[in-house]
Each structure stands twice: as C-alpha cells, then as structure tokens.
Protein chains: 2
Amino acid sequence: MPEPAPPPHPSRDELTRIARRAIDWGAEYLAGLESRPVQTPARPGDLLARLPASPPEATPGDINAEWDAIFRDLDELIAPSLTHWQSPSFFAFFPCNHSAPGIVAEVLSAMLNVNGMSWSTAPGVTELEIRMLDWMGEALALPACFRSDAPGGGGVIQSTASDATLVALVAARHRARRLHPDDDTIDSKLCVYTSTQAHSSVVKAAMVAGLVRAPDDTLRLRLIETDSTLAMDPDALGASIRADLDAGLVPAFVCATLGTTSSGAIDPLEAVAGACDGCAPRPWLHVDAAWAGAALICPELRAALGDGLDRADSLCINPHKWLLTNFDCDLMWTRASSDLVGALSITPEYLRHESQDCGAVDYRDWQIPLGRRFRALKLWLVMRRYGIEGLRAHIRSHVRWAAEFESWVREDDRFEISAPRSLSLVCLRLGAGDGATRALLERMNASGEVYLSHTTLPGAPGDERFVIRVAIGATQTERVHVERLWGLLRAEAGRVLGSAP
Amino acid sequence: MPEPAPPPHPSRDELTRIARRAIDWGAEYLAGLESRPVQTPARPGDLLARLPASPPEATPGDINAEWDAIFRDLDELIAPSLTHWQSPSFFAFFPCNHSAPGIVAEVLSAMLNVNGMSWSTAPGVTELEIRMLDWMGEALALPACFRSDAPGGGGVIQSTASDATLVALVAARHRARRLHPDDDTIDSKLCVYTSTQAHSSVVKAAMVAGLVRAPDDTLRLRLIETDSTLAMDPDALGASIRADLDAGLVPAFVCATLGTTSSGAIDPLEAVAGACDGCAPRPWLHVDAAWAGAALICPELRAALGDGLDRADSLCINPHKWLLTNFDCDLMWTRASSDLVGALSITPEYLRHESQDCGAVDYRDWQIPLGRRFRALKLWLVMRRYGIEGLRAHIRSHVRWAAEFESWVREDDRFEISAPRSLSLVCLRLGAGDGATRALLERMNASGEVYLSHTTLPGAPGDERFVIRVAIGATQTERVHVERLWGLLRAEAGRVLGSAP
C-alpha cells in the first residue's frame with residue numbers, strides 16, 4: 001500500500017473564508033432573483049455538455065484558484081440551469097419556503113453533522129425534535145392526542161409527505177395484522193381509500209408497501225369520487241367500505257387530504273371519519289395536510305379546514321412548503337406510535353443502548369431510513385425568530401393577495417375560476433378552452449417573468465379541463481408581484497385570444 | 001380576517017450577519033471538540049426539562065437580543081446534549097464525515113432551496129447529479145454498466161442506504177412480476193436472501209415492502225449462514241435458492257454486503273452471483289457497500305473487496321460515511337433503471353412536463369419521496385476541492401492506522417482480535433470474557449475521552465460474543481488519537497482486570 005500522504009483537509013481559516021463567501025454568494029443570488037428568468041430556458045443536456053466528463057485526479061495545486069473557479073461555475077453553469085423556487089414570481093406547484101433562520105439552522109446542522117438515529121447517538125437531536133413537534137402542534141392548535149405527553153402520541157420529522165404517508169400505511173397494516181391475529185391471509189385483504197384528487201404519493205406508498213401493483217390497480221385501491229368542490233364524497237367512501245366488508249375484505253387505510261395538490265380541495269374530515277365508523281375495527285385515518293395544514297396557525301383560517309382532526313390516527317404538514325423552514329421538513333404526528341414502532345422497529349445488537357430500557361424515543365423506529373439529520377434546529381430557529389405571530393403574518397398576506405387576485409380574475413370575463421379558491425391557491429382558465437389556456441401558460445412561462453404550473457380538473461362529468469394553478473406563497477413574494485402576474489396574464493391572454501382564429 | 005401585518009422577514013444584512021456568526025460558531029465548535037466528552041453524559045429528559053413548554057407567541061421585539069439568546073442556547077443547551085460525531089476520538093458505529101467543501105455546499109443548497117423532483121423543476125439539480133454519479137463511478141472504478149450512458153444504467157442520490165435497499169427491493173419485485181406476467185400470486189412467492197450479518201435495513205425494507213411481516217418471519221426471508229470470516233456462504237445461498245425453487249417459490253432479491261456493520265465482513269460477490277445463476281430468471285442482486293465501498297477509490301484496496309460488481313443489478317455506497325460528504329448522501333447505481341421507474345413512477349397531470357418526452361430523467365421516479373434536495377453540489381465540491389487523490393489519502397491513513405492498531409492489540413495478550421480486520425474497522429474483546437469486555441466499554445465511554453460502540457459476533461457455534469468495534473475514519477482523526485485510544489484501552493483494561501475477582 002502506498003505511503004499515505006497526510007489528507008489535505010482544509011484549514012479552519014479556509015472553511016470560514018469559503019463558507020462566508022458562499023453566504024455572500026447566496027445573498028447576492030437571492031437579491032438578484034427578480035432579474036433572472038424564473039424557469040430556466042435550459043434544454044435537456046445543456047449543463048451536462050458543459051461539465052467535464054471525468055473527475056479531477058489531483059488535489060488542486062492552487063486551492064484559492066480552484067475556489068474561484070467553483071464560484072465562477074456557480075454563476076455561469078449552475079445558477080442559469082435552475083428553476084428559481086425562491087423567486088418572488090414563483091407561483092408553480094406549491095411554494096418551497098426558506099428563510100434566514102432556516103438557512104442559519106442548515107449551516108449549524110452541517111457544522112455539527114450529527115446523526116440522530118437513536119436517542120443515544122445524539123440525545124439533543126431527539127429531545128429538541130420532541131419539543132418542537134409539541135410547539136408546532138400547539139401553534140397549529142392540533143388536538144391534544146398528538147402531544148408527546150399523550151398516551152401513544154407524539155410527532156416526528158420526516159423527509160417529505162410521501163415518507164409520512166408510507167409510514168402511516170405500514171403502521172395501518174401492522175395494526176390490521178395485530179387486530180386479526182388469526183388471519184394468515186390478512187395482507188391480501190387490506191384495502192386503501194383516498195380520493196381521486198389525492199396526491200400521487202398515496203398510490204405510490206401503496207405500491208411500495210406492496211398493497212397495490214400499479215397506479216391503475218383496482219384490486220384493493222379505492223379512488224373515491226369527489227363532490228362539486230373536488231372534496232372526497234364521504235357517502236361514496238362509506239359505500240365503498242361497506243362493499244369491501246361485504247366482500248370479506250378489510251378496510252385498513254383511509255387517506256384524507258386537507259388541500260389537494262390540484263385545487264386545494266379540503267376533504268370533510270369529520271364526515272370521512274364518520275364513514276369509517278361503521279367498520280370495526282376502524283381503518284387507520286391519515287390526513288395529508290402537507291400544504292394547507294400550515295394555515296392552521298391562523299385561528300381565523302381554521303374553520304376553512306373543517307373539524308375532525310381529533311378523529312385522525314396520523315397527520316402530516318410540511319413547514320418546508322409554507323412555513324419558512326428549509327426543505328426538507330415534513331412534520332408527522334400520530335396518536336398510535338406503538339403501531340409505527342411495531343411496523344418499523346428492528347434492533348440489532350450494534351444499535352442497542354441502555355436508554356432504550358428507560359423509555360427514550362428512538363426516532364429510527366418512526367421512519368424508513370436509519371440515519372437522520374438534525375432538522376429540529378430549523379423549526380426552533382424559525383419559530384424563535386418569527387414568533388408564531390410572524391408566521392401568521394406570512395400566511396395571512398398570501399391568503400389576502402389570493403383573494404384579491406381571485407376578484408380580479410372574476411372581473412375579467414375572458415377568464416374562469418376553475419375551482420373554489422383554497423387559501424392562497426387559485427385555479428383559472430380561459431373560457432376559450434383548453435387550447436387557449438395551454439397556449440397562455442406556455443407564453444407566461446416562456447416569458448421568464450413568472451413560473452406557473454398546471455393541472456386538469458373535472459368539468460362536466462367525464463370531461464377533464466386544463467387549468468392554470470396560481471399558488472401564492474414564496475418567501476420573497478410581495479403584493480406587487482401578484483399584481484404584475486395579473487398584468488401579464490391579461491396581456492398574454494389578449495395575445496392568445498387575438499391570434500386565435 | 002385580521003389585517004395582515006407585513007411579514008417581518010429578516011433583511012439581507014441580518015441574513016449574512018447571522019449566517020456568518022453561525023459559521024464562526026461552528027468553526028469554534030469544531031476546533032474545540034477535543035475538550036468535550038465525545039458522548040454526552042446527558043440523561044433522557046435533561047434537555048427537555050430545559051426547553052420552554054410552549055413556542056414564543058410574538059416576534060421578538062429586539063431581534064439582536066434574540067439571536068444572542070439563540071447562540072447562548074446553542075452553547076449551553078444544544079452542544080452539551082450531543083454525541084459529537086465530528087470528534088477526532090469518535091470511533092463508534094461508522095464515521096459520519098463532513099468537510100469544508102461539504103459544509104459550503106450545504107450552505108449553497110440552503111440558499112438556493114430548489115426542489116429537483118423532476119428534470120424540469122430544476123434541470124441543473126438533475127444534470128449535475130447524473131454527472132457526479134458518473135464521476136464517482138469512475139473514481140471507484142465501477143463497471144461501465146452503471147454509467148449513465150450505458151443502456152439502463154445510471155446513478156442517483158438517495159438519503160440513506162436504507163432507502164437504496166428499499167428501492168432496489170421494489171424494483172426487484174417489479175421485475176419478478178414483469179417476468180411472470182401470468183402468475184397472479186407471484187407476490188406471495190417472492191423470496192429475499194441476505195446474510196445473518198447483513199444490516200437491519202435489509203429486513204426492514206422487506207417489512208416495509210410487505211414481503212415479510214417481522215424480523216423473525218421465516219416465511220420468505222432467508223438469512224444465509226456465514227463462513228469463518230462472517231461473509232455469506234455462497235453454497236448455503238445456492239442451497240437455499242434451490243430449495244425455494246423446488247418448493248415453487250420465486251427467488252427475487254439477494255442483498256450482498258461489502259463491509260458488514262458488525263465486523264466489516266466482505267461477502268464473496270462473484271460466488272454469490274454464481275449461486276444465483278442456477279435460477280432463471282435470476283434474482284435481483286443488490287450490493288450494500290454503504291461503508292466499505294468508499295475504499296474502492298484506492299486501487300490497492302480493491303482486491304480486498306473482491307470481484308463481481310459487474311454481476312450486480314444495483315449497488316449503494318455512502319459518501320456521507322467515509323468520503324467527506326455531509327450527511328445525507330447515499331449513492332445508488334443500477335444497470336436496470338427501467339425496473340426502478342416501473343416500480344416507482346406515477347405521473348399525475350400536475351407533474352407532467354414536455355421534457356419527459358425527450359428522455360430527460362425525472363429522479364422522483366428513482367426514489368420513494370417526491371421532493372429532493374440539491375445534494376449533488378456536495379459531491380461536486382468535495383471532489384473538486386480534494387481531488388480523487390485527496391480522497392484516497394483520507395482513506396489510506398485510516399486503513400494504515402487500523403493496521404497499526406490491530407498489531408498493537410495482537411501484542412497484548414489480554415486482548416483478542418474478534419474478527420479479521422476489515423479496512424479501518426477492528427473488532428476486539430478481552431480474553432477474560434463478555435463481562436470484562438462490557439465493563440471495559442462502559443469505562444471507556446464514561447471517560448468521555450473516546451466513543452466506541454459494540455456488537456456481538458458468533459464465536460463457537462451458537463455462542464454470540466460481546467465485542468468492541470473500533471471504526472477509524474472521522475474527518476478530524478489523526479494518528480495521535482488512535483495512539484491515545486490504545487493507551488486508554490490498555491489502562492482501562494488494567495483496571496477492569498485488576499478489579500475482577
């Protein structure tokens with residue numbers, strides 16, 4: 001074996017110097033976002049063509065020159081290849097908020113680089129997380145059953161809502177097996193229910209867990225019809241559950257959505273829970289409130305989300321969407337943690353530690369991966385720097401601007417509102433039809449001035465319509481950006497409709 | 001709805017000022033690690049008792065005072081509650097490397113806060129990742145079948161090896177269904193094989209995917225016996241596969257390990273692949289090289305990892321363990337990406353984009369979650385700042401020190417080497433037995449001078465022995481820390497054995 005050279009680790013001076021440069025670079029990037037096209041005009045392969053084919057073999061002889069080259073490449077290669085989620089004119093998908101305290105917490109987490117897989121491997125990671133989930137639960141006025149001091153209650157940070165849904169689903173399966181101990185064929189009887197408007201991650205979780213084979217597998221997956229507001233029809237859910245019971249199947253998992261991705265529809269949770277009541281044992285009720293759940297922080301918005309959270313077995317909300325906490329940060333609460341742990345716990349000898357015997361929480365047993373980042377720091381700094389009132393102000397601005405924006409759209413008879421406005425999400429289209437609406441979206445995004453995304457929504461029965469989604473909520477967005485968006489929509493609509501035959 | 005106050009977002013000046021303070025705080029923390037107990041002496045509940053029960057309602061009136069309080073709490077509450085994975089005397093589990101370029105990349109990623117779920121939502125995230133996986137594949141001399149330009153080939157960044165194993169397993173299931181299109185009961189016939197020494201994440205993946213019910217479920221989970229080096233016995237694997245075929249079952253997934261967690265054992269990949277040859281279609285062969293795979297970067301260490309990678313369907317290696325890339329960063333390569341995509345792809349209308357039709361990679365279809373961080377930046381900066389030679393020097397130092405350490409242990413007849421040294425992992429115990437070895441470990445960790453973890457390894461048949469693991473590889477570790485570790489072990493062994501009856 002060759003004599004090892006001493007590893008050329010950067011000095012403390014290099015670390016602080018370059019990290020400060022990265023801070024300054026980032027601050028300049030963020031300050032300059034208004035002058036960049038929100039969606040990059042890059043074509044597939046553009047960046048690949050400009051990156052070297054092979055990695056550098058030698059440690060750079062001139063480290064400073066290499067850092068200069070890296071920062072030049074950030075300017076010339078990387079930044080132009082991105083769609084700028086932090087742009088004030090990013091209205092696509094849902095927002096992906098970051099903030100100064102969120103960024104600072106990521107810096108600290110990267111410096112500490114601890115792994116909180118078990119309580120004992122970094123007790124502070126676990127205990128700050130327990131408390132932050134209680135803090136956020138209090139801020140959102142969640143039912144007491146989700147608090148860490150309630151029997152079976154508590155919360156955990158997952159990577160994304162997809163992970164939370166998968167964890168809830170395998171916990172539901174574990175519970176069903178536990179309640180049907182003598183049925184060896186239980187796994188092949190478990191049925192999953194969600195609405196036709198639910199997020200794709202629900203079906204994906206069922207595919208990963210092996211309950212369904214493909215998105216169109218109807219063997220044990222029930223996509224429940226929605227009402228005129230695109231919310232789950234609880235009567236249809238109840239009928240589906242009864243039919244499955246009659247067929248000897250086992251309703252195991254219901255996923256309701258507070259704020260669907262397409263239109264922000266709010267499933268009627270109390271009635272959904274009521275539809276589960278006829279089934280004994282009841283199916284696990286998971287609530288995907290990934291985006292809209294953030295609005296629970298404002299007392300005056302809670303009514304819009306309906307009652308019934310106290311009927312849920314688990315719930316997830318993503319502060320990385322709309323609560324200023326850097327990606328990734330999905331919060332999941334449950335009232336039945338023993339079913340999560342039962343489904344996910346394995347303790348090989350090399351992970352055993354004394355504190356397991358005195359009730360310490362090992363969050364690895366609440367999630368799919370083993371390792372875990374120190375993400376509670378983000379929540380802690382965000383809540384301390386903004387205060388709950390500051391977070392409320394953030395949400396309230398967006399909801400108010402969306403209401404104004406909706407009123408402008410309604411006054412222009414070329415446009416239609418395609419679904420009831422939900423908080424800060426407005427769905428619209430041109431009355432001239434799908435082709436014109438699609439052309440409008442293409443023109444808007446090609447302008448680089450804004451970035452919008454689309455969906456299809458049911459119009460008349462059997463008729464899916466192409467719809468533009470306007471999701472207000474980026475950290476940097478101000479009212480002026482919403483006004484500018486409307487001006488652009490009107491102008492481009494004129495061009496689209498003027499050029500139509 | 002109340003009139004919204006303007007959200008009190010921090011200014012650019014506040015962002016840069018506080019982020020710089022976080023950099024300085026972190027650099028000071030890292031420089032001072034030698035004076036902290038490696039494992040915190042905290043007891044369960046210690047931190048919880050010192051955190052406020054409720055979140056702050058108001059935005060702080062004096063922002064600067066609040067930041068002062070936050071940094072004071074980092075010093076007084078958080079740092080003392082952690083086990084310090086970056087300590088130069090952290091020898092537990094496996095290392096969790098970070099580095100200056102890794103930290104800088106995390107800063108940049110937090111500033112950009114883009115979501116690379118699809119190619120179109122941030123093309124640069126996807127394309128830098130494609131190239132970085134090719135760079136790292138070249139640095140590790142992986143077979144060409146895993147390159148992005150090979151048919152079906154390519155790599156992706158997962159969160160952890162647990163995620164990679166789960167993705168590989170559901171891809172394997174998808175392939176088995178594809179190859180047995182007429183068998184409706186295929187799911188209930190699929191068998192999973194791994195060694196008794198494999199990581200718990202393999203069994204956990206099978207539980208999540210629904211193939212097995214519990215860690216001790218023997219219905220379709222085969223834990224293959226190991227040989228005297230604790231590597232999988234390929235003859236036993238072959239026999240198990242044949243028995244399952246004879247029983248009408250379908251061998252679907254074999255997970256081999258290069259570098260087991262307990263002792264670093266290396267499964268003989270070529271022979272393992274050979275044992276699969278008798279089965280048509282062959283089971284999916286996944287290689288978990290999470291820790292030891294990093295050593296492939298050194299040409300002289302490749303022989304120790306054996307041949308046969310070109311027989312694998314997928315492979316994972318964690319640069320967040322031993323290649324200076326901040327947690328989390330697991331690299332997964334496959335030669336059969338269509339099976340990953342087949343198992344994991346769902347494209348609802350709101351995620352559709354034009355570039356899908358021209359072959360752009362959507363990495364959301366290669367993973368469980370939808371959203372994804374910009375993690376390729378870490379690999380890029382680490383490889384550019386260190387060069388491949390710099391990374392080799394890092395690995396070589398640890399392997400050399402481990403060999404020296406092993407020789408010291410062998411010269412002291414109170415100690416036994418419990419398994420063949422694997423790269424930088426040494427397993428040892430006191431000849432006096434389990435009780436004395438356990439007492440030694442407890443004294444070592446209680447000293448705060450070092451942090452070590454343990455496992456059990458088979459001694460005589462049916463006899464599991466308590467063993468101390470010494471994993472050398474933290475970023476800050478120097479030879480002097482290994483010498484000091486050995487001095488402590490000798491001194492504490494004297495106390496343990498002197499005080500024994």
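This passage looks at how two chains of a predicted model sit together and how one sheet in chain B is put together.

Start with the pair. Chain A drops onto chain B after a rotation of 180° with 0.0 Å of shift along the axis, at an RMSD of 0.0 Å. The two copies are thus related as by a two-fold rotation axis. Within chain A, A:Ala209 has the C-alpha nearest that axis, at 2.1 Å.

As for the interface, 131 residues of chain A are in contact with 130 residues of chain B. The top contributor on the chain A side is helix α1 (residues 12–31), which supplies 15 residues. Sorted by class, that side holds 71 nonpolar, 36 polar and 24 charged residues. Of the interface residues of chain A, 99% are also interface residues in chain B, so the copies meet through the same surface.

Chain A is assigned domain 1 (12–84), domain 2 (106–381) and domain 3 (393–499). Between domain 1 and domain 2 of chain A, the C-alpha centres are 37 Å apart.

Over in chain B, seven strands make up an open, mixed sheet, ordered β1-β7-β6-β5-β4-β2-β3. Its edges are β1 (154–158) and β3 (221–224) of chain B, each paired on one side only. On average, neighbouring strands here are turned by 20° against each other, ignoring direction. Strands β1(B) and β7(B) (residues 330–334) run antiparallel and are joined by five bridges, with B:Gly155 opposite B:Trp333. Helix α6 (residues 161–179) of chain B packs on this sheet, touching β1, β2, β4, β5, β6 and β7 of chain B, and its direction makes about 175° with that of β5(B). Helix α9 (residues 269–277) of chain B lies across β4 and β5 of chain B, at about 180° to β4(B).

Terms used: Residues are numbered from 1 along each chain as its sequence is written. Chains are lettered from A and ligands numbered from 1 in the order in which they are written. This is a predicted model: local features need pLDDT of at least 70, side-chain atom pairs count only at pLDDT 80 or more; totals for chains, interfaces and linings use all residues. Copies are superposed by least squares on the C-alpha atoms of residues with pLDDT of at least 70 in both. Two residues are in contact if their C-beta atoms, placed from the backbone, lie within 7 Å. Helices (H or I, at least four residues) and strands (E, at least two) are DSSP runs, numbered from the N terminus. Ala, Val, Leu, Ile, Met, Phe, Trp, Tyr, Cys and Pro count as nonpolar, Asp, Glu, Lys and Arg as charged, and the others, Gly among them, as polar. Domain bounds come from an automatic or database domain assignment. Two strands pair if DSSP finds at least two bridges between them. Axes are lines fitted to C-alpha atoms, for helices over the stretch in contact, and angles run from 0 to 180 degrees between N-to-C directions.
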